[in-house]
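The exercises below ask you to read a structure step by step, and each is followed by a worked solution. Try each task on the structure before reading on.

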Amino acid sequence: MNRRVVITGSGIVAPLGTTPETLWSQLVEGQSGVGLLSLFDAENFPVKVAAEVKDWSLWNVGVNPLQWSHCPRQTQFAVGAAYQAVRESGIEKLRMDPTRKGVYLGCGEAFEDFDQFTKTISQNLNGKEYDDQNFTNSALKIFSPDAEREYEPHMPVMHLAGLFDAQGPSGNCIAACVSSSQAIGESCRIIRRGEADIMLAGGAHSTIHPFGVTGFQRLSALSTYSEEPQKAVRPFDKNRQGFVIGEGAAILVLEELGSALRRNANILGEITGYGSSQDAYRITDSHVEARGTVSAITKSLRMARLNTDEIDYCNAHGTGTVVNDKVETLALKKVFGNDAVKLPVSSTKSMLGHATTACGAIELVICLQALRDGVIPPTINYETPDPECDLDYVPNFARQVKCKHILSNSIGFGGQNAALIVSRYEDSAAAAGITRKAA
Amino acid sequence: MIYANSYFHRVVVTGIGVVSPIGKTTKEFRHSLAHGTSGIKKLDESLSLTTPCSHAGYVADFQGKIGDFDHLDQLTRKKVRKALKVMSRETKMALSACTQALFDSDFDSAGYDPERVGVTLGTGDMTLVPDDFLGAVQACQDENQKFDFSQWGTEGITKVEPLWLLKSLPNMSACHIAIYHDFQGPNNSITQRETAANIAIAEAYRIISDGDADAMIVGGTGTTMLPMAYIHQLMEDDEVSNDNETCRPFDLHRSGSVAGEGAAMVVLEELNSALDRGAKIYGEICSTASSTVINGSHQAKREQAVANVIKMALKNAQVSVDQVGHIHAHGLSTQKTDREEARAIRNIFGSRADHLPVTAMKSYTGNAGAGSGAMEFVASLLALQEDKLFPILNCNTPDPECPISPVTSNDTDLKNSNRENSKPGNSFLNLSIVPHGQASSIYVESFQE
């Protein structure tokens with residue numbers, strides 16, 4: 001039982017870039033994808049900034065967007081990212097038992113059409129009088145069944161399974177901001193155990209929606225700074241004041257190593273470590289001693305059989321909220337001990353905002369680029385050091401560092417934690433007992 | 001990759017808990033199944049504030065108050081009482097079922113390392129509940145009762161409960177359970193509608209089998225009674241009617257699904273740990289499968305998906321069609337889905353399908369979304385334990401278009417109790433279906449060393 005899991009394809013639709021390459025070129029330049037919120041009129045909202053996917057449609061992957069126009073943004077992002085990943089991996093041409101190919105995503109909830117939903121409530125709300133039966137009767141007349149179906153969070157999984165004839169294990173998980181990391185980690189488990197040979201894994205989400213802003217604003221999690229939108233999110237900086245809502249999708253093709261080698265696939269990296277844990281502390285607060293985050297990172301290192309000094313870079317969760325950045329710093333110091341000060345840590349959310357359930361997958365694709373180019377993307381807007389956040393956050397400028405093993409950490413509301421380790425693939429085909437076919 | 005474990009661990013069920021339309025304790029649940037008592041009823045008019053349904057499998061005696069939570073120590077009880085206001089009804093049902101399951105398995109005495117105990121839960125999606133926005137919408141109404149969006153940012157937002165998002169997020173049930181019982185291990189929530197519970201059980205099974213946890217608390221909680229969930233059900237199947245009163249799976253005169261709610265949780269443990277502490281064992285999880293089949297024209301191929309998950313589960317468990325004791329079907333009670341499910345069973349089981357008992361619990365509870373798969377799983381575990389199978393209610397005239405052998409009330413009458421159809425056998429296959437083209441299965445055997 002020694003099945004290894006490698007990545008043979010990756011796709012991304014994010015603010016700043018809608019392919020891994022274009023996104024990467026912006027990130028290493030320290031560009032910001034944050035701007036004034038444009039997807040709805042936020043003029044009277046307390047929060048007016050967001051990191052939006054711009055100038056993109058499914059035409060970019062050769063698909064007619066009209067066929068998908070009834071689907072929410074996140075579903076379209078997922079389809080776009082999946083086409084990129086599948087094409088890069090070359091599995092489209094692979095003849096295989098379709099039940100050996102699965103899909104596991106961490107896609108968030110897509111909110112109902114705000115206008116339609118609130119208007120329908122309003123129509124049936126007269127003073128204190130309101131009845132769900134009346135709301136339902138109006139909704140059945142007005143709401144479109146095609147659109148309603150697509151609001152359910154499992155629909156992107158259904159679509160990808162259909163598009164790529166993946167009849168193997170399938171599912172969608174929601175574990176707040178660690179969803180897509182857990183989808184990737186559990187997909188690896190499915191492959192390792194032999195239940196599938198290929199998994200499409202990742203996530204998609206967009207909370208740039210009046211309901212999304214309402215929810216996060218009520219939790220006081222958002223940065224309200226809007227004079228210079230690009231400076232609104234400043235992870236690990238002393239003057240940080242919250243995160244900026246982002247959106248996007250990233251999909252990976254995960255493949256059993258033997259399968260990848262037999263078809264001579266280009267291997268982008270290997271998932272060597274994964275850990276999931278719970279703070280089991282409070283719904284609203286992170287554990288003061290960061291015990292859940294420590295546990296998830298420790299598990300991932302143990303699984304990868306790596307020492308702390310072997311991790312070359314940590315892509316942090318780094319949302320830019322006061323608590324997250326402090327707790328995450330504490331966790332890294334606890335796990336890495338004396339090695340913590342030598343570990344470059346950066347938050348790409350400083351440039352991309354927070355894509356909530358999709359962030360883990362997006363950041364893993366970024367880690368693949370760092371692995372390939374030996375460049376670490378920066379934490380931008382880092383100006384004033386915070387004594388409670390005293391690690392090397394790769395401030396403002398990308399840095400050349402040869403990377404062999406990268407840690408991608410995620411932390412979520414409710415005390416959820418997940419960590420992934422992606423490693424440069426070392427050709428040990430002989431160890432796996434497989435001879436490489438000549439190209 | 002798990003180099004430390006050169007073998008897979010075996011996984012058994014050691015505790016169960018339910019909050020269902022046919023009982024909010026296992027004892028009541030068991031009693032209703034034994035007596036063929038359905039939990040689907042006409043709803044009181046006072047409920048029209050919270051649900052548009054006229055009939056549903058409603059857990060009427062579950063108030064969601066602290067009295068619904070037994071077996072909590074004093075400190076935890078205090079914490080739970082304080083947190084009830086930030087819990088959705090699905091979370092409360094899951095938490096109550098969880099505490100029952102932990103008590104049933106005498107979990108406190110097991111003494112596991114909290115980092116090696118996790119939670120995986122099948123839950124519903126984040127259904128928007130109009131009730132949460134009445135105040136906010138009202139604040140944005142102009143003099144003609146019209147909603148004015150320009151007011152939302154200033155007047156509306158502040159009228160929404162501060163913790164609304166945390167109350168609604170689908171992963172919160174699993175988080176609350178982890179918090180009150182100090183489960184610091186792997187934690188995940190599967191949002192895959194009706195198949196979610198099976199998929200959650202599958203994930204927890206893999207985690208223990210891989211050696212990444214000693215125990216996992218798993219199950220499902222859900223509802224289709226809330227307005228948006230109900231609207232989605234009505235929209236996706238033209239057979240479902242607004243006033244359907246009876247759920248009759250595989251019956252010739254079935255007329256669609258009925259809404260419902262409920263939760264069920266089980267304790268999964270690594271076999272040797274369970275044996276060492278002398279835990280009672282309900283059954284062993286032998287294999288799991290899920291499959292989505294949608295063709296090039298975006299049409300759901302449910303029949304193929306069901307056939308796939310039966311075939312994969314049998315293959316992974318290395319058992320033949322003759323070894324399966326009974327099938328717990330999805331049995332939604334719609335013309336189309338029941339027919340497709342039955343044909344898939346016939347396709348894989350062949351002539352064995354003439355006698356293979358098939359039961360379906362939605363006739364007692366309605367469709368509780370992610371909760372149904374878990375309640376059905378628990379019902380079949382109880383059937384194994386008691387060596388008595390409960391019948392499908394209202395299946396008075398089995399549909400010849402459904403080429404299987406449904407267990408009817410006629411089969412389980414005392415005078416007929418020698419028929420093969422009244423016996424659950426030593427194993428079962430639990431099936432669940434999502435209308436958009438996915439199926440999932442779990443294969444469970446009575447425990448034998």
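**Exercise 1.** Leaving aside its neighbours within four places in sequence, which residues is B:Gly437 in contact with?

*Solution.* Keep in mind from the start that this is a predicted model.

Step 1: locate the residue, which sits in the loop between strand E12 (427–434) and strand E13 (438–445) of chain B.

Step 2: list its partners, leaving aside neighbours within four places in sequence; from chain A they are A:Met158 and A:Gly162, and from chain B they are B:Thr292, B:Val293, B:Ile294, B:Ala300, B:Lys301, B:Arg302 and B:Ala305.

Step 3: decide on burial, for which the cut-off is 20 or more other C-beta atoms within 10 Å. B:Gly437 has 24 such atoms within 10 Å and is therefore buried.

Step 4: set the contacts against a residue far along the sequence; B:Asn171 is 266 residues away from B:Gly437 along the chain, and their C-alpha atoms are separated by 24 Å.

**Exercise 2.** How many residues of chain A are in contact with chain B, and how do they divide into nonpolar, polar and charged?

*Solution.* Step 1: count the contact residues on each side, which gives 76 residues in chain A and 78 residues in chain B.

Step 2: sort the chain A side by class, which gives 31 nonpolar, 28 polar and 17 charged residues.

Step 3: look at one place where both chains take part in covering a helix. Helix H3 (residues 114–123) of chain A has as its buried residues A:Phe117, A:Thr118, A:Thr120, A:Ile121 and A:Ser122, and what covers them includes helix H4 (132–142) of chain A together with helix H4 (134–139) of chain B.

**Exercise 3.** Describe how each chain is divided into domains, and state how far apart the domain centres lie.

*Solution.* Step 1: in chain A, the assignment gives domain 1 (5–111 + 151–423) and domain 2 (114–149), and the C-alpha centres of these two domains lie 35 Å apart.

Step 2: examine the contact between them, where eight residues of domain 1 of chain A meet five residues of domain 2 of chain A. The domain 1 side of this contact comprises five nonpolar, two polar and one charged residues.

Step 3: turn to chain B, which is divided into domain 1 (11–126 + 169–445) and domain 2 (132–157), with 40 Å between their centres, taken over C-alpha atoms.

**Exercise 4.** At what angle does helix H2 (residues 73–89) of chain A pack with helix H6 (residues 155–163) of chain A, and at what angle does helix H8 (residues 196–209) of chain B pack with H14(B)?

*Solution.* Step 1: recall that two packed helices are described by the angle between their axes and the distance between the axes.

Step 2: for H2(A) and H6(A), the angle is about 30 degrees and the axes are 10 Å apart, and the crossing is right-handed. From H2(A) the contact uses A:Gln74, A:Thr75, A:Ala78, A:Val79 and A:Ala82, and from H6(A) it uses A:Met155, A:Pro156, A:His159, A:Leu160 and A:Leu163. By class, these residues are seven nonpolar, three polar and no charged.

Step 3: for H8(B) and H14(B), the angle is about 65 degrees and the axes are 6 Å apart. Here B:Ala196, B:Ala197, B:Asn198 and B:Ile201 of H8(B) meet B:Ala370, B:Gly373, B:Ala374 and B:Phe377 of H14(B), a contact of six nonpolar, two polar and no charged residues.

Step 4: complete the picture of H14(B), which covers residues 370–386 and reaches 26 Å from its first C-alpha to its last, close to the 24 Å expected. Of its 17 residues, 15 are buried, and B:Asp387, which follows the helix, has a positive phi near 55 degrees.

**Exercise 5.** Where in chain A do A:Ala280 and A:Ala290 lie, and are they buried or exposed?

*Solution.* Step 1: place A:Ala280 in the loop between strand E8 (269–278) and helix H10 (291–304) of chain A; A:Ala290 is also found in the loop between E8 and H10.

Step 2: count C-beta neighbours inside 10 Å; A:Ala280 has 25 and so counts as buried, and A:Ala290 has 23 and so counts as buried.

Step 3: check the backbone, bearing in mind that most residues other than glycine have a negative phi. Phi is positive in both cases, near 50 degrees for A:Ala280 and near 60 degrees for A:Ala290.

Terms used: Residues numbered from 1 in each chain as written. Chains lettered and ligands numbered in written order. Predicted model: local features only at pLDDT ≥ 70, side-chain atom pairs only at ≥ 80, totals over all residues. Helix = DSSP H or I, 4+ residues; strand = E, 2+ residues; numbered from the N terminus. Expected span 1.5 Å × (residues − 1). Buried ≥ 20, exposed ≤ 12 C-beta atoms within 10 Å, placed from the backbone. Contact = placed C-beta atoms within 7 Å. Nonpolar A, V, L, I, M, F, W, Y, C, P; charged D, E, K, R; others polar. Domains from an automatic or database assignment. Axes fitted to C-alpha atoms, helices over the stretch in contact; angles between N-to-C directions. Left-handed = near helix turned anticlockwise from the far one by under 90°.
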